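Colleague: Could you take a close look at one part of this model for me, namely how the two copies of the chain are placed against each other and through what they meet?

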Number of protein chains: 2
Amino acid sequence: MTLAAGIDVGGTKCLGVVVDGSGVIVREVRRPTPTANLLVGVLQEIAHELGEHDTIGVGVPGLISRQGVIRSSPNMSTAIEMPVRELLSDALGEHVWCDNDATCATLAEWQMGAGVGAHDMVLVTLGTGIGGGIVSGGVLQHGAHGHAGEAGHMVVDAHGDPCPCGQRGCWERYASGVGLARLSGGLSGEEVIGRARRGDGPAVSVVNTYCEWVALGLANLANFSDPDVMVIGGGVMEAADILLPPIRQHFARLLYAPSHRQHPRVVGAELGERAGAIGASLLHLHD
Amino acid sequence: MTLAAGIDVGGTKCLGVVVDGSGVIVREVRRPTPTANLLVGVLQEIAHELGEHDTIGVGVPGLISRQGVIRSSPNMSTAIEMPVRELLSDALGEHVWCDNDATCATLAEWQMGAGVGAHDMVLVTLGTGIGGGIVSGGVLQHGAHGHAGEAGHMVVDAHGDPCPCGQRGCWERYASGVGLARLSGGLSGEEVIGRARRGDGPAVSVVNTYCEWVALGLANLANFSDPDVMVIGGGVMEAADILLPPIRQHFARLLYAPSHRQHPRVVGAELGERAGAIGASLLHLHD
């Protein structure tokens with residue numbers, strides 16, 4: 001049975017898994033994410049600790065070329081033009097698959113999670129920032145240069161708040177975890193969600209506004225892609241029970257011509273924090 | 001040699017062509033676009049007038065299901081749930097292919113026009129409204145319900161102008177031909193472009209603002225899809241010589257992380273008003 005290793009390089013931790021041919025995680029390793037110059041060494045250690053495997057893949061945040069070069073990464077500002085695939089292949093003496101972390105999560109949710117059976121799917125991860133991935137026509141899409149699915153810097157409010165990327169009104173400013181905290185006027189996202197759960201009026205209102213921003217961006221993506229299913233993942237969705245119902249409500253209104261079409265299902269991701277690592281382990285099948 | 005007929009149902013005229021196996025248009029028929037209740041009859045007349053053909057396709061504006069049902073169409077408000085494919089197949093006694101008009105234009109430009117050789121391509125048509133189509137991973141995309149490529153109602157200015165669709169700040173409000181006229185404060189698009197050509201300061205400024213709106217939406221779509229090439233068609237692009245340079249300039253700035261990636265080419269459509277009809281004739285090869 002094939003043993004497929006996958007490692008997800010997250011903002012704070014690297015998570016490695018080995019998945020067997022029936023989709024069961026048989027081993028797991030965690031390490032704090034190091035600075036860019038130590039990344040390959042840490043990935044090498046994780047790979048060794050994961051032990052026997054027939055194939056290995058890595059998911060990395062940021063713009064990754066199809067050749068496995070990190071063009072730029074918001075979490076690792078010094079990793080510009082870093083050929084992580086080649087460096088790690090050389091270090092391990094085996095071929096390494098490499099892709100964007102949200103693309104990996106998309107693959108995992110499509111093959112083993114919330115998107116099983118979908119022919120056309122969009123996934124977005126609502127975390128510190130927003131990542132995304134696309135399945136179109138039954139195929140995981142990479143785009144022409146490996147960057148398909150980058151939804152976070154879609155401008156939705158052209159006269160809105162400045163974004164560190166240089167534009168104004170990027171979706172990420174409103175619909176990410178950081179966006180929720182910003183809408184909360186200084187409270188953390190967890191705190192405002194806790195207050196909303198207890199029925200605090202202003203907190204309920206903030207959460208509703210947040211869900212409307214999430215739905216607005218999802219509707220933009222659905223209008224363009226027309227998927228069967230939209231999967232929402234990322235840390236924010238730990239509160240899926242309170243967020244998904246208003247997101248769905250706003251989405252059903254914001255979609256173009258809502259009364260004249262079938263709507264995509266809007267669902268929460270199912271694989272949690274392991275989605276990226278599982279997807280990285282599957283890259284060898286979907287490159 | 002295969003003779004493929006295609007008919008494009010436009011806002012004012014229906015244009016039918018027969019294309020031979022080498023891509024040459026061998027016959028062409030035009031008729032004014034009738035009201036929805038007369039549409040099938042007029043299409044039948046065009047098909048007869050086009051004469052001998054081995055296959056026939058039709059491009060229709062609006063949301064078209066994969067079964068060839070017009071779910072709703074901005075130009076034909078009474079054509080709701082109209083099974084145009086079935087009605088026309090019955091009338092002609094032959095199988096009829098049917099798809100959205102901008103999807104047809106995308107297919108034509110990809111196979112025979114500005115997008116030849118592209119693996120990942122986005123086309124937008126800037127006309128009265130905005131239409132669009134997508135090629136991903138070397139495959140023309142339809143989406144799960146036939147509506148892929150609808151870019152016009154992407155919200156880019158959440159607090160912006162109300163759109164007849166019910167939302168605010170849809171891209172179409174700024175970047176369509178109607179959008180250009182609106183930015184011009186009452187002048188027609190042709191008039192403001194004429195004035196800009198003659199160096200009139202305010203007109204140059206309006207055209208520049210218009211091009212920035214076009215580029216902003218294109219950047220949103222490119223961030224998400226990461227295409228090789230973005231093709232811009234539609235009536236507005238009759239002024240491509242004056243519009244493309246500033247569109248490209250703004251696009252190169254508005255794309256996410258512009259200094260850390262390869263940019264898609266931004267080009268004008270090449271097939272002009274016949275793109276939809278030619279694409280409709282090719283549908284049988286790309287369904």
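Modeller: In this predicted model, a turn of 180° with a shift of 0.0 Å along the axis lays chain A on chain B with an RMSD of 0.0 Å, and the two copies are thus related as by a two-fold rotation axis. As for the contact itself, 43 residues of chain A touch 43 residues of chain B. Two elements of chain A, β6 (70-72) and α7 (201-225), are those that give two or more residues to the side that touches chain B, and the largest share, six residues, comes from α7(A). Sorted by class, that side of chain A has 19 nonpolar, 17 polar and seven charged residues. Because 100% of the interface residues of chain A are also interface residues in chain B, the copies meet through the same surface.

On confidence, the model scores ipTM 0.96 and pTM 0.96, while chain A averages a pLDDT of 96, with 100% of the residues scoring at least 70.

Within chain B, one helix pair may be added to this picture: α3 (residues 101-112) of chain B packs with α9 (residues 275-282) of chain B at an angle of about 85°, the axes lying 7 Å apart. Since angles of 65 to 115 degrees count as roughly perpendicular, α3(B) and α9(B) are therefore roughly perpendicular to each other. Residues making this contact include C104(B), L107(B) and A108(B) from α3(B), and I278(B), G279(B) and L282(B) from α9(B); by class, the residues of the contact divide into nine nonpolar, four polar and two charged.

Conventions. Residues are numbered from 1 along each chain as its sequence is written. Chains are lettered from A and ligands numbered from 1 in the order in which they are written. This is a predicted model: local features need pLDDT of at least 70, side-chain atom pairs count only at pLDDT 80 or more; totals for chains, interfaces and linings use all residues. Axes are lines fitted to C-alpha atoms, for helices over the stretch in contact, and angles run from 0 to 180 degrees between N-to-C directions. Helices (H or I, at least four residues) and strands (E, at least two) are DSSP runs, numbered from the N terminus. Angles under 35 degrees count as roughly parallel, over 145 as roughly antiparallel, 65 to 115 as roughly perpendicular and the rest as oblique. Two residues are in contact if their C-beta atoms, placed from the backbone, lie within 7 Å. Ala, Val, Leu, Ile, Met, Phe, Trp, Tyr, Cys and Pro count as nonpolar, Asp, Glu, Lys and Arg as charged, and the others, Gly among them, as polar. pLDDT is the predictor's confidence in each residue, from 0 to 100. Copies are superposed by least squares on the C-alpha atoms of residues with pLDDT of at least 70 in both.
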